[in-house]
Structures are given as structure tokens and as C-alpha cells.
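Good morning, colleagues. Please take a moment to look at the sequence and the model on the screen before I begin.

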Amino acid sequence: MQNTIRSATRMDGVQAPIIPVVGDIIRQVPGTISLGQGIVHYGPPPQAANAVRNALGDAATHEYSGGTGQPELVARIAAKLAAENGIDVARGAAIMVTAGANMAFMHAVLAISEPGDEIILPVPFYFNHEMAIQMAGCRAVTVPTDERYHPDLDALARAVTHRTRAIVTISPNNPTGAVFPEPVLRAVSVLCRDRGLYHISDETYEYFTYGAARHLSPGSLPAAAAHTISIFSLSKAYGMAGWRIGYFVYPDDLTAAMLKIQDTILICPTVVAERAALAALDVGRTYCDHHVRELGTIRQIVLEALSGLGPVCDVPPAEGAMYCFPKIATTMDAMTLAERLIREHKVAVTPGSAFGMADGCYFRVAFGALQRETVAEGIGRLVGGLRAICG
């Protein structure tokens, strides 16, 4: 019998991506409504599709492009950052286009760290962030948040060691829907500046805020450009998840490292996707705002339905993104509950254990894929299932 060469690797310590795990269970139960994956129900503006059609006849579409992104797209991103985020790339920053925001985060971790370093993640975290940190040979240091899932500033400060390289924030937040107040983000930025750390700010859901909540880009703060890495995506706002286009802004002294990483992992962004992204950004956020308003209505229906469960379900305010993150009054572990909801009630959620929540039963409800005609059925199954299983 032939011996195998398989041995233990660093990947053995990285959690399995939860979305495919839940997806496998969903496929076993036809007719399941998924409240698991963070996608929107709409696609990109028609101008993006037209740009792709036009690009197919251009020979340059089929060649390698610039590693940091096509100049026209990079210029358009710079204008957007200045107008909407208050980030002036002329203040010692650089832009790179990537195949989605996850790639931008991976680039950032590799550029600022060496094996054994630490990166601080407020809990609950986005699971792909923890996975990227572990893949880079670093350690994710998890820090609790408060009852509204806002960062605990004292806890963050206590978690910093001589091996810490960055603090990560996500606002609007995945998985909780929290929008971090401006004073909190300012304080995190000052902490990073004073302790010589990078502030990695994931702003994928920048347009998705509801009510009085407002998004702030920490990179716009005074003296923040030198230590802030700001990550953005077109996947959610423009319905372009499958096109895999994101971008990020980083201190220009990281450029040499970023170019090495980009050239090794990607070489260059997909040219045809860049053409689509440029057309979408030319249309602008007015395209997104209509859909965000509709999601605001759906969000309200979801929160009211879950709040109606009373003591069974504790739902902190979810003022942004397309998620809420309730805690369920049960001794059952989150994965077991999630599987029962699929098999017994044909509705899927993402267990909170994937986001680092081990002190109770939590799960993420993603409502971005719902429309007005489907929200009642989807949330009805969830509420009915929770009553039957936990009530």
C-alpha cells in the first residue's frame, strides 16, 4: 500500500468556512429559505453589464493589467473616497484594487505582520478575518464587546502586547449590524496611534445604515492616514458579489509589501470586473440607496418579529449592515440549533460559534437576500421554529 505524504499543516488549526458547512445541510433539505449568507437580492446597475459587453471586444480586456488596478478605476475610487469618506489619498496613502474585501484583509495582515504576531479582533468577529490571521501564522486575540456589540475600549487597551500589530473594526458590523459611534472609532484610532499599531477598518457595509445611524471612515480622522488601513467592497452595495471586486487604502510606506503580495496571489484584478466596477461607481451610491431603504423596511419586520419572542430571544439594536445577532435562551449549542432549524423548519441561520461566541447560543440572521414578498415567510419560519424548539 502506498504511503501518503499528508502531514499536519497550519490549515488544520483554521476553522472550516461556515457558509459551505451550512450550505451542505441546506442542500439536504429542499425548499429551505436561507437567512445565512450575507448577500443582497439585487444585482448590479445595467451600466455595469453594458460596460462588460463593450469590454469583450477590446483586446486589452484579455491581457494582464496594472497590479494595483486600472488607472481609470483607481482615479474613480480616489474621487469617491474624497467625496464620500473624507479620505484624501494625497495625504500619504495608496489604493489597491483586489478580488474582494477578503483579499484586501489578507493582503493587509501579510504586509504588517510576521509569524507569531497578534491582531486584536473584537468579538463577535467576522470568521474570515480570524481565518486569515491564522493562515498568516499570527494569533487572533479576541476581546469582548459591550451589550450593544460596540468595542470595549478599556478591554482593547489591556489586550495590547509587544506582539500586537493591529486592531480590527468592522462598522457597520458583520455579524451584529452594530454601527460604532464616532467617539468609539476616534478612541480606537488614537489608541492605535499612541501604541504604534495599525487600525484595520473594514467598511464593506458603509452604505447600509438605518435611522439616525451614520457611518464614519476612521481614515478621515486627523493624523489617521499613517496608521489606518481602510477596506471597501462593491459586493454588497452594488450587488456584485460574484464579480469579486474590492479595494483598500493603506499608508504608502506599505506599498512595496503590498505589490509583492498582489503579484504573487493575484497578479492583477480581473480586467472585465474592473470595467464593471468603474461603470457601477460612475452610477454612484444613489443606485444603492434605493435598495438600502427597502432593506430598512425588511430589517424592521425582522427585528419586530424576533423581539416578539420575548425572553426566548434577546436582539440588540442592529442599526446597519444586513444582519442582526440575537442570543437565544437555551442550553443548546448554536450549531445544533441551526441544524434543527433547517431540518425541522426549513430555515437557515449562521451559528454564532463561527463568529467566536462561545458563552451562549447566538446566531446571525442575514436579511439582505429577502424581499418584501419573501420576508414574511422566511422570518415566520424562523420565529415558529424558535418557539417550537426553545419556547
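I shall speak about the nonpolar cores, one central strand pairing, one helix pair and a single alanine.

Let me note at the outset that this is a predicted model.

I begin with the cores. The largest nonpolar core comprises 71 residues. Within that core, the residues with the most contacts are F208, Y238, L306, L337 and L382. Which helix supplies the largest share of this core? That is helix 10, residues 286-307, with 8 residues. Let us look at L382 in particular. Setting aside neighbours within four places in sequence, L382 contacts L35, L306 and L341, together with V347, V349, F363 and V365. There is also a second, separate core, which has 54 residues. Among its members are A94, A101, I170 and A348.

I turn now to strand 8, residues 246-251. Is this strand largely enclosed or not, and why? Of its 6 residues, 6 are buried, so strand 8 is largely enclosed by the rest of the structure. Strand 8 has pairing partners that I should like to point out. Strand 2, residues 93-98, runs antiparallel to strand 8, and 6 bridges join the two. In this pairing, V97 stands opposite Y247. Strand 7, residues 228-233, also pairs with strand 8 in the antiparallel sense, here over 4 bridges. In that case I231 has F248 of strand 8 as its bridge partner. As a reminder, side chains in a regular strand alternate between the two faces of the sheet.

Next, the helix pair. Helix 4 covers residues 101-112 and helix 8 covers residues 255-265. Their axes come within 9 Å and cross at roughly 130 degrees. That angle makes helix 4 oblique to helix 8. The crossing of these helices is right-handed. Which residues meet there? From helix 4 they are M103, H107, A108, L110 and A111. Facing them from helix 8 are A257, M258, I261, Q262 and I265.

Finally, I would draw your attention to A55, which lies in helix 2, residues 46-55. Is A55 buried or exposed? Its relative accessibility is 1%, and A55 therefore counts as buried. Beyond its neighbours within four places in sequence, A55 is in contact with T61, V272 and R275. By way of a distance across the model, A55 and P144 are 89 residues apart in sequence, and their C-alpha atoms are 47 Å apart in space.

Thank you for your attention.

Terms used: Residues numbered from 1 in each chain as written. Predicted model: local features only at pLDDT ≥ 70, side-chain atom pairs only at ≥ 80, totals over all residues. Heavy atoms only, no water. Core = buried A, V, L, I, M, F, W, Y, C linked by side-chain atoms within 4.5 Å. Buried < 20%, exposed > 50% of the residue type's maximum accessible area, 1.4 Å probe, protein only. Contact = heavy atoms within 4.5 Å. Pairing = 2+ DSSP bridges. Axes fitted to C-alpha atoms, helices over the stretch in contact; angles between N-to-C directions. Parallel < 35°, antiparallel > 145°, perpendicular 65-115°, else oblique. Left-handed = near helix turned anticlockwise from the far one by under 90°.
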